Amino acid sequence: MNLELQPEEQRFREEVRAFLRDHLPEELRRAQSLNTGIYPEPGVSGPWQAALARKGWLAPAWPVEHGGPGWTPVQRFVFETECALAGAPLVHPMGIRLVAPVVMKFGTTQQKALHLPRILSGEDYWCQGFSEPGAGSDLAGLKTRAVAQGEDYLVNGSKIWTTHAHHANRMFALVRTGADSRRQDGISFLLIDMQAPGVTVRPIATMGGDHDVNEVFFDNVRVPQSWRIGPEGGGWECAKYLLEFERGAGMSSPRLRAQLKRVGDALQAMRRRGLEPSAAVEARFGEVCADLDTFEMLELRTLARVQPLQSPGPVASILKLRASRLRQAIAQLGVQASGLEATRWPRQEAEADEDDALLGTLLPDFLNSRAFSIFGGAAEVQLGIIAKTVCFSIP
Ligand SMILES: Cc1cc2nc3c(=O)[nH]c(=O)nc-3n(C[C@H](O)[C@H](O)[C@H](O)COP(=O)(O)OP(=O)(O)OC[C@H]3O[C@@H](n4cnc5c(N)ncnc54)[C@H](O)[C@@H]3O)c2cc1C
């Protein structure tokens, strides 16, 4: 793999930098830098997504026929890196990165025409309804039931840990439509209107102090059968395909590098307060840098082989595991680097100069980072997948 940027790729990087200079407002950059939740609020991600959509850059991994820019993997990497280093808000992934590939692969022509443009335009904000009380790692144990009634389903049950359900107007959900002997065969993939009568969203507060996740309850919620993706009982195939995109088809290394740069900024802020980092912190910083470089190589090598709409396969579990461990290592380093300063949280708005504001994000970010080895499938589950499907297939 040639890691030198070719002249046309360097020109592309300049184009991306110019776009960021002209279209990324300071208030969005600052809001993203102070965000400690899993994703920025829609008031932050929305305007940025709209700017990208106008330019045709919102969905880098989509095929051109559906509105993707037709970039090479290197262009995608350059774009993601420049956005991350410029501090651009994270694009909300549920529509663009998760449900869209499923609609493209398993959806009918009408479903593609209905849902894909609304994802690009930002009209629809999606959440993921997979986990339930009693069905997380053992997802096939889910109990939310959809019973056919005329042209609709009546949905009853509940979901949990649903990220940004309180913002979403659409949910993609796994529901039980049959009682087949193999539990996976009785599951269907359903799109649900979150504004339909009978849907209730209840917040769950996380230890970082953010409101990211929710419980969602369904009480006789009517969903048209035409909003089922794939055949009845075919939801497990859709879910497995989606999870590979969730775990490994994004580009994590640019955001991880931006996160590490923030820790470097925190070290500088500490120096401005006359506090030099210890040798142990400097050594750990070096180790994390080296780990990140290695991860970046693995991610690039994997994604260079993946065409639009192609999932990376079980290797996604390796990427997910490594990315979540790195994310946690960087967040931990941030807290170590800022010592007692990190514990002065939450900060009063009035005292928050730039350094204060940055240092004030480190502890909630550390607390929230614990979730990275849980959502999208727990780390132990990824290790099981790696052992079964990746290691055993090595000749
Ligand atoms: C912040 C956050 C956001 C989330 N967002 C969403 C969302 O938007 N939509 C959604 O559907 N879900 C979401 N989740 C749920 C997430 O996917 C589940 O929490 C996860 O799959 C683990 O399931 P569980 O919580 O039921 O834990 P369990 O499955 O009960 O696991 C508990 C422990 O047992 C271990 N364990 C379980 N099975 C095995 C095994 N086979 N081998 C080894 N160890 C095992 C696990 O690793 C874990 O440590 C979110 C979770 C968090 C924390």
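Lys 261 is partly exposed, with a relative accessible area of 43%. This value, like the others reported here, was computed from a predicted model. The partner of Lys 261 in a salt bridge is Asp 265, with 3.8 Å between the closest N and O atoms. Asp 265 is partly exposed as well, at a relative accessible area of 33%. Both residues belong to helix H8 (residues 253-272), where a spacing of four residues places them about one turn of the helix apart. The pair falls within the 4 Å cut-off that defines a salt bridge.

In total, the structure contains 25 salt bridges. Side chains of opposite charge can pair when their charged atoms come close. One of the salt bridges joins the side chains of Lys 159 and Glu 132, at an N to O distance of 2.8 Å. Lys 159 is located in strand E3 (residues 152-160) and Glu 132 in the loop between strand E1 (126-129) and strand E2 (145-149), so this contact ties together parts that are 27 residues apart in sequence. Both partners fall under the 20% limit for buried residues: the relative accessible area of Lys 159 is 1%, and Glu 132 has a relative accessibility of 6%.

A further salt bridge is formed by Asp 193 and Arg 170, whose closest N and O atoms are 3.4 Å apart. Asp 193 is part of strand E5 (residues 187-193) and Arg 170 is part of strand E4 (residues 170-176); the pair therefore ties together parts that are 23 residues apart in sequence. The two side chains fall into separate accessibility classes: Asp 193 is partly exposed at 28% relative accessibility, whereas Arg 170 is buried at 10%. Asp 193 and Arg 170 also belong to a network of salt bridges that links them with Arg 118, Glu 123 and Asp 124.

The surroundings of the ligand were examined next. The ligand is surrounded by 17 residues, of which Ser 131, Ser 137, Trp 161, Thr 163 and Glu 380 come nearest. By class, the shell consists of nine nonpolar residues, seven polar residues and one charged residue. Domain 2 (125-233) and domain 3 (252-393) both contribute residues to this shell, so the ligand lies between the two domains.

Polar contacts to the ligand involve both side-chain and backbone atoms of the protein. In the side chain of Glu 380, a polar atom is 2.4 Å from an oxygen atom of the ligand. For Ser 137, the distance between a side-chain N or O atom and an oxygen atom of the ligand is 2.6 Å. Trp 161 approaches through its backbone, with an N or O atom 2.7 Å from a nitrogen atom of the ligand. The ligand taken alone exposes 970 Å², and 63% of this area is buried by the protein.

A second tryptophan, Trp 57, was also considered. Trp 57 is situated in the loop between helix H3 (42-55) and helix H4 (73-86). With a relative accessibility of 5%, Trp 57 is classed as buried. The C-alpha atom of Trp 57 is separated by 21 Å from that of Leu 256, a residue 199 positions away along the chain.

Technical notes. Residues are numbered from 1 along each chain as its sequence is written. This is a predicted model: local features need pLDDT of at least 70, side-chain atom pairs count only at pLDDT 80 or more; totals for chains, interfaces and linings use all residues. Side-chain values use heavy atoms; hydrogens and water are left out. Helices (H or I, at least four residues) and strands (E, at least two) are DSSP runs, numbered from the N terminus. Buried means under 20% relative accessible area, exposed over 50%, partly exposed in between (1.4 Å probe, protein chains only). A residue is near a molecule or strand if one of its heavy atoms lies within 4 Å of it. A polar contact is a pair of N or O atoms within 3.5 Å; within protein, one must be able to donate a hydrogen and the other to accept it, and residues adjacent in sequence count only if both atoms are side-chain atoms. Accessible areas come from the Shrake-Rupley method with a 1.4 Å probe; for residues, only the protein chains shown count as cover. Ala, Val, Leu, Ile, Met, Phe, Trp, Tyr, Cys and Pro count as nonpolar, Asp, Glu, Lys and Arg as charged, and the others, Gly among them, as polar. Domain bounds come from an automatic or database domain assignment.
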